[in-house]
Amino acid sequence: MQIARCLVGNRPGRYEPRVLKKRQTNYGLMVQPRAVLKERLAHGDNSFETK
C-alpha cells in the first residue's frame with residue numbers, strides 16, 4: 001500500500017503506479033527497418049524474431 005502512494009518528484013499531488021512499462025513477450029524490439037526484416041523473413045531468416 002505504501003508503494004502505491006509514491007509521490008512523483010517536483011509534481012505535488014501527482015501519484016504514479018509502479019508497474020512495468022513494456023509487455024513481456026517472446027519477441028525482441030524491432031531494431032532494424034521493417035522493410036529489411038520483411039526481406040529477411042521472405043528469404044527464410046527468422047533469427048531476429050526470438051530473444
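**Pocket lining and side-chain contacts in a predicted model**

By class, the residues lining the largest pocket comprise 7 nonpolar, 2 polar and 3 charged. The structure described here is a predicted model. The volume of this largest pocket is about 260 Å³. Its lining is formed by Y27, G28, L29, M30, V31, Q32, R34, L37, K38, L41, F48 and E49. Rolling a probe the size of a water molecule over the atoms shows where empty space is left.

Two of the lining residues, Q32 and F48, are 16 residues apart along the chain, and their C-alpha atoms are separated by 9.6 Å. Q32 belongs to the segment that comes before α1. With a relative accessible area of 33%, Q32 is partly exposed, because the partly exposed class covers values between 20% and 50%.

The protein contains 1 helix and 0 strands. It has 51 residues, of which 2% count as buried. The exposed area of the protein is about 5300 Å², and 55% of this area is supplied by carbon and sulfur atoms.

Charged side chains also make a contact in the model, and the structure holds 1 salt bridge. The partners are R40 and D45, whose side chains meet at 3.0 Å, taken from N to O. Side chains of opposite charge can pair when their charged atoms come close. The distance of 3.0 Å between R40 and D45 falls within the 4 Å limit for a salt bridge. Both partners retain some accessibility: R40 is partly exposed, with a relative accessible area of 24%, and D45 is partly exposed at 28%. Neither residue counts as buried, because the relative accessible areas of R40, 24%, and D45, 28%, are not under the 20% cut-off.

D45 is placed in the segment that follows α1, the helix spanning 34-42. Besides the salt bridge with R40, the side chain of D45 is joined to that of S47 by a polar contact of 2.8 Å. The side chain of D45 thus takes part in a salt bridge with R40 and in a polar contact with S47.

Notes:
Residues are numbered from 1 along each chain as its sequence is written. This is a predicted model: local features need pLDDT of at least 70, side-chain atom pairs count only at pLDDT 80 or more; totals for chains, interfaces and linings use all residues. Side-chain values use heavy atoms; hydrogens and water are left out. On a 1 Å grid over the protein atoms alone, a cavity is a set of points where a 1.4 Å probe fits but cannot get out, and a pocket is an open set with protein on both sides within 12 Å along at least five of seven lines; lining residues have an atom within 4 Å of a point. Grid points are joined across faces, edges and corners, and a volume is the space filled by probe spheres set on the points. Ala, Val, Leu, Ile, Met, Phe, Trp, Tyr, Cys and Pro count as nonpolar, Asp, Glu, Lys and Arg as charged, and the others, Gly among them, as polar. Helices (H or I, at least four residues) and strands (E, at least two) are DSSP runs, numbered from the N terminus. Buried means under 20% relative accessible area, exposed over 50%, partly exposed in between (1.4 Å probe, protein chains only). Accessible areas come from the Shrake-Rupley method with a 1.4 Å probe; for residues, only the protein chains shown count as cover. A polar contact is a pair of N or O atoms within 3.5 Å; within protein, one must be able to donate a hydrogen and the other to accept it, and residues adjacent in sequence count only if both atoms are side-chain atoms.
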